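The following exchange introduces a structure to a reader who has not met it before. Each answer sets a value against the criterion that applies to it.

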Amino acid sequence: IIIDGFIIDAKGGNGGIGTGVASHHIRILNGEVMNALQSGIDAHKDSSAFEFINLRIHHNGRSGYHHGLYLSTSNHLVQDCDIFQNSGWGVHIYSGSGNRPSNNRIVNNKVHDNATSGKGIEIGIYNGTGNSVINNLVRSTQTGIHIDYGASQTKVYNNSIYKGNYGILVGADSSDTNIFNNIISSAVTFGLYVYQNSKNSQIKNNLIYKSGANNILDKATTTTLSKNLEGNIYNPQFQNPDNLDFHLQSGSPAIDAGLGISEVSKDFEYNSRPKGSSHDIGAYERS
C-alpha cells in the first residue's frame, strides 16, 4: 500500500499516524504530519517494514513523552524527512513492552530543533539490535544522538551534528556500537561521551570540533578509538550551519579523512562516495 501526498493536520486529535497490529510493508511519502497532541507517527503493535519517505513531521506533542516519530517495532525506514519542533524526541526507537525494535534505518533526514518541551533528544536508539543512523543533518538544542538501554550493534555513520549540550551519547547499557565518520561541532558540554559500562564501542574517523570541556570523553574500558580528529584546530568549515547547510568548504579537514564504508556509498544528496582518495567525514561528500 502506498499513501502519497497527504497533509495530515492532527489538530484536535491525539496522533497523526498510527500503525496497527501486524500491518507491514506500507509506504507513506511526500506528505506532512503536524499538530498532533501526542506523537506525530507511532509505529507499534507488531507492525513492521513501513517506509516514511520525504515527510515534514513537525509541531507534534505536548510533553517530552511525545515525539516526531516513535518506532517501537522493527524494520522501518525513515528517509528524506524534515523532522522539527516536536515536543520530545525527533526520532525515538524504543519499546517498554518487551519488544526489541531492530534493523530500523534513519537515513538522509534533517532532524533539528526538537525537544521543545525542554526534554528530549534529536535521535534516540534504545533496546534494539542493528539500528542505523546514516547521513543525517542534526541541529540540536539538547543532545544530537543517544544510544542506550540495551541497544546493540548500532551503526552511526556520516552524520553532521551541530550545537546542543552533547553531540553523541553512548549509554552505559549499550554494546557493540560503531560510530564512524561523524562531524560533531559546537556542543556545549561534551562532543562524544561514552559511559562507563558501555561495551565494545568502535569510534573511528570522527571529527569533533569546539565541543565543551572534552571533545571525546571515554569512561569505558573496552572502547576502541582510532583516527579521530578532535580539537579547536579542526574546524569542519561548514557553509552555513545555522541554516542547516553542512556542505564542506574547500580546505575542510573532513575532506578525504573518513573511513571507507560500503553501506554509505552515497552522501546526503545521493552523490557517490568517495570523490577523492577516501570518503569525507560528515553527511556531505565534497565534489
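Q: What makes the approach of the side chain of serine 211 to the backbone nitrogen of alanine 187 a polar contact?
A: In this predicted model, the side chain of serine 211 reaches that nitrogen at 3.4 Å. A polar contact requires a pair of N or O atoms within 3.5 Å, and the value of 3.4 Å therefore meets the distance limit.

Q: Which backbone oxygen lies 2.9 Å from a polar atom of the side chain of serine 211?
A: The backbone oxygen of tyrosine 209 lies at that distance.

Q: Why is serine 211 called buried?
A: Its relative accessibility is 2%. The term applies under 20%, so serine 211 counts as buried. This residue is found in the loop between β24 (207–209) and β25. Residues up to four places away in sequence aside, serine 211 touches Ile184, Ser185, Ser186, Ala187, Thr189, Phe190 and Gly191.

Q: How do you know that strand β22 (residues 190–194) pairs with β25?
A: Four bridges join the two strands. Pairing requires at least two bridges, so β22 and β25 count as a pair. They run parallel, and phenylalanine 190 stands opposite asparagine 214 in β25.

Q: What makes β3 (17–19) and β25 (214–218) edge strands?
A: The open sheet has nine strands in the order β3-β5-β7-β10-β13-β16-β19-β22-β25, with parallel pairing. Strands β3 and β25 each pair on one side only. Neighbouring strands of this sheet are turned by 5° against each other on average, direction ignored.

Q: Why is strand β16 (residues 143–148) described as largely enclosed by the rest of the structure?
A: Six of its six residues are buried, so the description follows. Four bridges join strand β13 (residues 123–126) to β16, in parallel; isoleucine 125 has isoleucine 147 of β16 as its bridge partner. Four bridges also join β16 to strand β19 (residues 166–170), again in parallel, and histidine 146 stands opposite leucine 169 in β19.

Q: Which residues have the most contacts inside the largest nonpolar core?
A: They are Phe52, Leu69, Ile123, Ile168 and Leu192, in a core of 38 residues. Strand β6 (residues 51–58) gives the most to this core, with three residues. A second, separate core of 15 residues includes Leu137, Leu207, Phe238 and Leu248.

Q: Which residues is leucine 69 in contact with, leaving aside its neighbours within four places in sequence?
A: Leucine 69 is in contact with Ile41, Phe52, Ile57, Val78, Ile83, Gly90, Val91 and His92.

Key:
Residues numbered from 1 in each chain as written. Predicted model: local features only at pLDDT ≥ 70, side-chain atom pairs only at ≥ 80, totals over all residues. Heavy atoms only, no water. Axes fitted to C-alpha atoms, helices over the stretch in contact; angles between N-to-C directions. Buried < 20%, exposed > 50% of the residue type's maximum accessible area, 1.4 Å probe, protein only. Polar contact = N/O pair within 3.5 Å; in protein donor to acceptor, adjacent residues only side chain to side chain. Contact = heavy atoms within 4.5 Å. Core = buried A, V, L, I, M, F, W, Y, C linked by side-chain atoms within 4.5 Å.
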